[in-house]
Amino acid sequence: MNQEQLKGMLGGQYQYRRILTSDEVLHLQKENPPWFTGQIAASLIAGCVRLDAVLFRDGNALRLGYDLFVKDRPDSPEWVCYDNPEEAVCLEEDAMCAALDRLVQGHRISYTECCFSSLDGKTVKKCPHDIGLGLR
């Protein structure tokens, strides 16, 4: 599915955001500051899936990679990391859309539906000392 088809199908559930320019990425890679650990360069949300282009430390160098996230239910505010595909990264919206579509098709996941069964687990109970920290 191309960018226009996804925008038409998903409406407000389609969002592209560019945080770093290509020049900023190249500058950071060239400078390679020792304090740098990671930064999202661009993010594309299409319904229940999200693709982030991330600049991250790999040994002594900074490189770009993709992180693929999914939701465990369509209305969930939380994202679950699903894959870290090894493919060439481009920060342009149309290229990220094409990469996301390849990944969605390849993994047989959906833009609009949850493809995962719910697992019942433990819930986290608040500790008494958390109340004083505003963690309720």
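Two strands count as paired if DSSP finds at least two bridges between them. The exercises below apply this criterion, among others, to a predicted model.

**Exercise 1. The sheet**

Determine in which order the five strands form the sheet, and which strands are its edges.

*Solution.*
Step 1. Begin with the inventory: the protein chain has four helices and five strands. From the N terminus on, these elements follow one another as α-β-α-β-β-β-β-α-α.
Step 2. Strands of a sheet pair through backbone hydrogen bonds, in either a parallel or an antiparallel sense.
Step 3. Here the five strands form an open sheet with antiparallel pairing, in the order β1-β2-β3-β4-β5.
Step 4. The edge strands are β1 and β5 (80-83), each of which pairs on one side only. From one strand to the next, the twist averages 30°.
Step 5. As a worked case, consider β4 (residues 61-70) and β5, which are joined in the antiparallel sense over three bridges. The criterion asks for at least two bridges, so β4 and β5, with three, count as paired. At residue level, L68 has D83 in β5 as its bridge partner.

**Exercise 2. Helices on the sheet**

State which strands are touched by α2 and which strands α3 lies across, and give an angle for each helix.

*Solution.*
Step 1. Helix α2 (residues 22-31) packs on the sheet and touches β1, β2 (38-46), β3 (49-58) and β4. The direction of α2 makes about 130° with that of β4.
Step 2. Helix α3 (residues 93-107) lies across β1, β2, β3, β4 and β5. Relative to β3, helix α3 runs at about 110°.
Step 3. The contacts of the protein chain can be added to this picture: of those with a separation of 6 or more, 52% are between residues 24 or more positions apart.

**Exercise 3. The two sides of α1**

Identify the buried residues of α1 and explain why they line one face of the helix.

*Solution.*
Step 1. Residues with under 20% relative accessible area are taken as buried. In α1, Q3, L6 and L10 are buried.
Step 2. An α-helix has 3.6 residues a turn, so residues three or four places apart point the same way.
Step 3. Viewed down the axis of α1, the buried residues fall within an arc of 65°, and they therefore line one face of the helix.
Step 4. The face turned away from the buried side carries the exposed residues E4 and G8.
Step 5. The packing partners of the buried residues of α1 are β1, β2 and α3.
Step 6. At the start of α1, a side-chain oxygen of N2 comes to within 3.1 Å of the backbone nitrogen of E4.

**Exercise 4. Positive phi angles**

For G11, N32 and R108, give the phi value, the place in the chain and the exposure class.

*Solution.*
Step 1. G11, just after α1, takes a positive phi of about 55°. It is found in the loop between α1 (3-10) and β1 (14-18). With 39% relative accessibility, G11 counts as partly exposed. The C-alpha atom of G11 is separated by 9.2 Å from that of A46, 35 residues apart along the chain.
Step 2. N32 is a residue other than glycine with a positive phi, near 50°. Its place is in the loop between α2 and β2, and N32 counts as partly exposed at 23% relative accessibility.
Step 3. R108, again a residue other than glycine, has a positive phi near 55°. This residue lies in the loop between α3 and α4 (128-131). Relative accessibility of 76% means that R108 counts as exposed.

**Exercise 5. The surroundings of E92**

Locate E92 and describe its contacts with residues beyond its neighbours within four places in sequence.

*Solution.*
Step 1. E92 lies in the loop between β5 and α3; at 39% relative accessibility, E92 counts as partly exposed.
Step 2. Leaving aside neighbours within four places in sequence, E92 is in contact with Y16 and R18.
Step 3. With R18 there is a polar contact from side chain to side chain, at 3.4 Å.
Step 4. The C-alpha atoms of E92 and T21, 71 residues apart along the chain, are separated by 9.6 Å.

**Exercise 6. Burial and cysteines**

State what share of the residues is buried, how many disulfides are found, and how C48 and C90 are classed.

*Solution.*
Step 1. Of the 136 residues of the protein chain, 35% count as buried.
Step 2. A search of the whole structure finds zero disulfides.
Step 3. C48 counts as buried, at 4% relative accessibility, whereas C90 is partly exposed, with a relative accessible area of 32%.

How values were computed: Residues are numbered from 1 along each chain as its sequence is written. This is a predicted model: local features need pLDDT of at least 70, side-chain atom pairs count only at pLDDT 80 or more; totals for chains, interfaces and linings use all residues. Side-chain values use heavy atoms; hydrogens and water are left out. A disulfide is a pair of cysteine sulfur atoms within 2.5 Å. Buried means under 20% relative accessible area, exposed over 50%, partly exposed in between (1.4 Å probe, protein chains only). Helices (H or I, at least four residues) and strands (E, at least two) are DSSP runs, numbered from the N terminus. Axes are lines fitted to C-alpha atoms, for helices over the stretch in contact, and angles run from 0 to 180 degrees between N-to-C directions. Contact means heavy atoms within 4.5 Å. The arc is that of the directions from the helix axis to the C-beta atoms. A polar contact is a pair of N or O atoms within 3.5 Å; within protein, one must be able to donate a hydrogen and the other to accept it, and residues adjacent in sequence count only if both atoms are side-chain atoms.
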